[in-house]
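Got your viewer open and the cartoon switched on? Let's walk through this one stop by stop, selecting as we go.

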Amino acid sequence: MKYQLHPWLASNLWVLVALAIPAIFLIGALLYFTGWALAFSFTDLELVGRKAVNWSWVGFDNYARLFTRRGFLESLWTTTIFSFFSAIVGQSVLGFLLAATLRTQRSVLRGVIEATIMLGWLVPDIVAAFLWSATTAQTGLINNLIITPLGFEPVNFINEFALPVVIIANIWKGTAWSYLLFSAALDSVSREVVEAAKVDGATAFQRVWRVILPIIRPHIATNMLFITIWTFTYFPLIYALTGGGPGRQTEVLAIFLYKQSFMVGKLGYGSAISVAMLVIVGVLSLFYLRLLKEPK
Amino acid sequence: MLNKSLATAVAVFGVAGMAMPAHAEVSIMYADWLSSLVEPGIADFEAATGETVNAIKLPGEGYVERVALDLAAGTAADVIQLDSFVVSELASAGYLMPLGDMGSDWDQYQHYMPALLDVVSYDGEVYALPTDTDVRMLWYDKSVFEAAGIAMPWEPQSWDDVLETARTIKAETGIDNAFLLPAGTKQGEAATMQGFYMALLGADTPEDDRNRLRNWAEGKWIGDSPAIRRTLELYHDVYAEDELATASINYATDIGAAVREAMANDEIGILASGSWEFTCLWDCNGGPALPSADERNALIGWTPWPGSGLPDTKATTNISGGWAIGVNKNAQDPELAFQLLTTIFDAGNFGDWTVENRRMAVRTDIAASDAYASDAYLAEATALAADTTGRDTYPGYQVVSALVQQMTADILDGVSVEDAISEYHASLVDEFGEENVITYE
Amino acid sequence: MAREVMDQDRPSRLTALALAFLALIWVSPFFWLMTNAIDPAATGQLEVPQSIGIDNFVQALSGSAGRQFVNSMLIAAGTATLTVVVAISAAYPLSRMRIPGRNAFLWALVLLRMLPATGVIVPMYFAAQAAGLLNMMGIVLALTILNLPFTLLLLKNFFDTVPIELEEAAYVEGASLWTILIKIVLPLSKAGIAVVWFFSFTGAWNEFLLPLIFSRTEAGFPMSIGLYSAFGRQGSIDYGFLAAFSIIYAAPAVGVYFLLRRNMNTGFAGVGVKG
């Protein structure tokens, strides 16, 4: 079918182009900065000192070091675990369950719960880090309220279970987004469709699995896409809470990147790490986009 | 070079054209914890010259990154507070102004101790003036020692003595951090200085720089040596073998606060740290929370770091660091900038600050002043400084230090000493080239 | 309808109880924040305050906090508004004109934006310096640039859901492009715009690194940097100040959320995009 521009648009073509100019300009700037970051990854540029001034091109050396030096692959694994459990399992599933159950609840309870999970989301990262280090400390809430009364020795959670603590803290902080998205999505499921299924004798499980989930599939995919991307590149809470440690236990890629770029000062290597992250997230996103596009 | 090509490209790109904000005549950039030295100096300068100073006080968090970026982009303030170990690095990149000529016209310049000016020099030129120096030692909690039945004053002669004491503490009191040896990447330079270096210096003979990170005679970084191996073994003993310290305290949300709290609660036996702790274990700026010197002496004690105890090694070790203030190479008015620097460091202001904060003097006139000389703690610490040494602050040190911290982090992770050191060696070669790295058998 | 979804004839007490329990767990970390904020002698330990007072809040509001609050507001509201205006102007043509490859382009931008901000911050800094933009304007522009890919994609998808027939009808009745935009398109995508504005606002409100390196003077610092003055004294944290300051700091974002909540619920439905 041949496409024709609507007349009110066609007669105002230049206005539309003019409207888009600021965005084109800013997007151009973004591409330009990204181009520089890409170029850095082929240099030995450093933050301070001699190589900040007299840097040179080093070809693919930085990329080779992703695999030959300790750090990148370990961090990639940590990031995968962190993203899978905190974003996909934690935030997504919990967000969906909350959205589904809260719909049946009175508005007071719903308001209170919404407010609490929103607070987690909106509290600054550094403060969230303090809340969680205080909660999991040996003199903290969990030990005082649960572990000690049960007769066990107080546990230093961050020392023993750093990664799980970080994962739980991130679930706590990030579930709000999935919740909001899913509760809006469930609102858009029409009552008739669900009722028709009920009349046909579908069980509750079947209704959710066969009717509701397929309808909100685009939301699920979008949610997965966004939270995977965000979690994969997430930095502040983990950095403040554990600094990537103890050792490298919670050193996700974003922290590895920050350390190499700003603490060691190797901007070139840091850029190579960020480009590699881009490629990984890109592949993941293509996967989600396929999920988004093809109905079964 | 980098910023020039970028600047041109940006101008072509068309963002240019907006005016820079109006600049004051002199600007200064410092971290908020140094305010008690800098701010009275600024006030004196403004009163004396009638100029206004554009003072940029920054949080300690992110300070180093901001300074590096500002200097690289040419937007740094005229006068800049710096950690002394980055001075040679920044000077080698041409960011700082040599102070020698202007310094010789300043009557108080002669009082600076030459050894401390060495630390802030590059290629024979002085590029910054130190604010203070420090020494490092093993602090111990007297009530923990009492509970563990260890005789005081405690005078360990070797690493084995220290480890043995720590094992006793752990067995008797059950505390998690019997011997807190700073490690890992989160506290940055503190892990290198308070932990790794102090051990390294006593791990092998000083001959041929065998107990250091750099061989100065040959001009090469040391990629593998018995001293580095022994130091890592010590970390392995403390963190993995005997579990005398927890890894997590080195990664706490606020490490300084975590250590201070643990110390106050008698949860640390021995703490490897520096001379500032005599105030900083309570409050660095000496607020109302700081008990009197006698009260503090009743709570904590210190002893010099012993050497490893192996033949030909040093009996005790020490390394000094400290902060400094320098002048930007591109300062609008270098004379005025230097005048601000000398006003901050004027004997009156500088001397008061040094004594009040129990900092170790970097100038002979302040060290000889009555207020300084009559302080028992400062006198003892200064005695320790008689046999001190500095970091291997050759350009590139910052990377080396970061790699050292990573090496200790690897040990916390359970990586073997062998693997940690081969990774270190490989990374040094990446950075400096095969020809600039040597190995000691 | 809700009941049909979950096959429950009435809200079960058990579910309510479980939810209340969950809320309790969720809110428990805030216990530390509250006790320390109202305890003038807070030590950072989890303990029942010896005395209760508002000293910490008074302290947190004195000094430069007022100015920092204004700066944060300017940065956050400025970024959110600029982002939304720029993105609307471009997303509408993108939605209505079938430019080949526009979806692929938008997704590519979103992906590109996945380059962590630390990766582009150095070139951005040099560019801002060359352009004389190391000030609040520069922070707003930089954050807007970083926000655009997501915003463009979301708003284009919102505009896609506005029925073209409505615009057609208005055109037939003689409405100009301007009138169509203001009277039809924007009101119908109000929810989406609210979501995007809110996201940009909270993102900019919490930004630390960009304002830190872009602000030439202390007077330009927002609250996200002011928060760190609680750690100022080389390790000696003022926990009471920290807790009170963070409550004040988090308040505007929470407030904005509840103001926009009604709008945003439907807005989020539009987030579910078709590729």
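Start by selecting Pro153(B), which sits in the loop between helix 7 (142-148) and helix 8 (159-173) of chain B. Helices here are DSSP runs of H or I with at least four residues, strands are E runs of at least two, and both are numbered from the N terminus. Show the backbone there: the peptide bond from Met152(B) to Pro153(B) is cis, with omega near -5°. For context, most peptide bonds are trans, and most residues other than glycine have a negative phi.

A word on bookkeeping before moving on. This is a predicted model, in which local features need pLDDT of at least 70 and side-chain atom pairs count only at pLDDT 80 or more, while totals for chains, interfaces and linings use all residues. Residues are numbered from 1 along each chain as its sequence is written, with chains lettered from A and ligands numbered from 1 in the order in which they are written.

Next, stay in chain B and pick out two residues with positive phi. Glu243(B) has a phi of about 50° although it is not a glycine; look for it in the loop between helix 10 (226-241) and helix 11 (255-264) of chain B. Glu243(B) is partly exposed, with 13 other C-beta atoms within 10 Å. The scale is simple: with C-beta atoms placed from the backbone, 20 or more others within 10 Å of a residue's own make it buried, 12 or fewer make it exposed, and anything in between is partly exposed. Then jump to Asp312(B), also not a glycine, with a positive phi of about 70°. Asp312(B) lies in the loop between strand 12 (300-306) and strand 13 (316-317) of chain B, and is exposed, with 10 other C-beta atoms within 10 Å.

Now for a sheet. Select strands 9, 10 and 15 of chain B: they make an open sheet of 3 strands in the order 9-10-15, with mixed pairing. Two strands pair if DSSP finds at least two bridges between them. The edges are strand 9 (214-215) and strand 15 (437-439) of chain B, each pairing on one side only.

- Strand 9 and strand 10 of chain B are antiparallel over 2 bridges, and Asn215(B) stands opposite Lys220(B) in strand 10.
- Zoom in on the link: strands 9 and 10 of chain B form a hairpin with 4 residues between them, and Gly219(B) in the turn has a positive phi of about 70°.
- On the other side, strand 10 (residues 220-224) of chain B pairs with strand 15 of chain B in the parallel sense over 3 bridges.
- Along strand 15 of chain B, Val437(B) is the bridge partner of Trp221(B), and Thr439(B) is the bridge partner of Asp224(B).

Which helix lies across strand 10 and strand 15 of chain B? Select helix 20 (residues 417-432) of chain B, which runs at about 155° to strand 10 (axes are lines fitted to C-alpha atoms, for helices over the stretch in contact, and angles run from 0 to 180 degrees between N-to-C directions). Colour its buried residues: Ala420(B), Ile421(B), Tyr424(B), Ser427(B), Leu428(B), Asp430(B) and Glu431(B). Their cover includes helix 4 (61-68) of chain A together with strand 10, helix 10, helix 19 (397-412) and strand 15 of chain B. Just after helix 20 of chain B, Gly433(B) takes a positive phi of about 90°.

Ready for the interior? The largest nonpolar core has 315 residues, and those with the most contacts inside it are Ile28(B) and Ala87(C). Such a core is a set of buried Ala, Val, Leu, Ile, Met, Phe, Trp, Tyr and Cys residues joined through C-beta atoms within 7 Å. Helix 10 (residues 162-187) of chain A gives the most to this core, with 16 residues. Centre on Ile28(B): leaving aside neighbours within four places in sequence, its contacts include Val38(B), Ile42(B), Ala77(B) and Leu340(B). Contact means that C-beta atoms, placed from the backbone, lie within 7 Å.

For the last stop, show chains A and C together: 87 residues of chain A are in contact with 73 residues of chain C. Helix 2 (residues 13-40) of chain A gives the most to chain A's side, with 14 residues. Chain C itself has 14 helices and 0 strands, and 53% of its 275 residues count as buried.

Methods
Contact = placed C-beta atoms within 7 Å.
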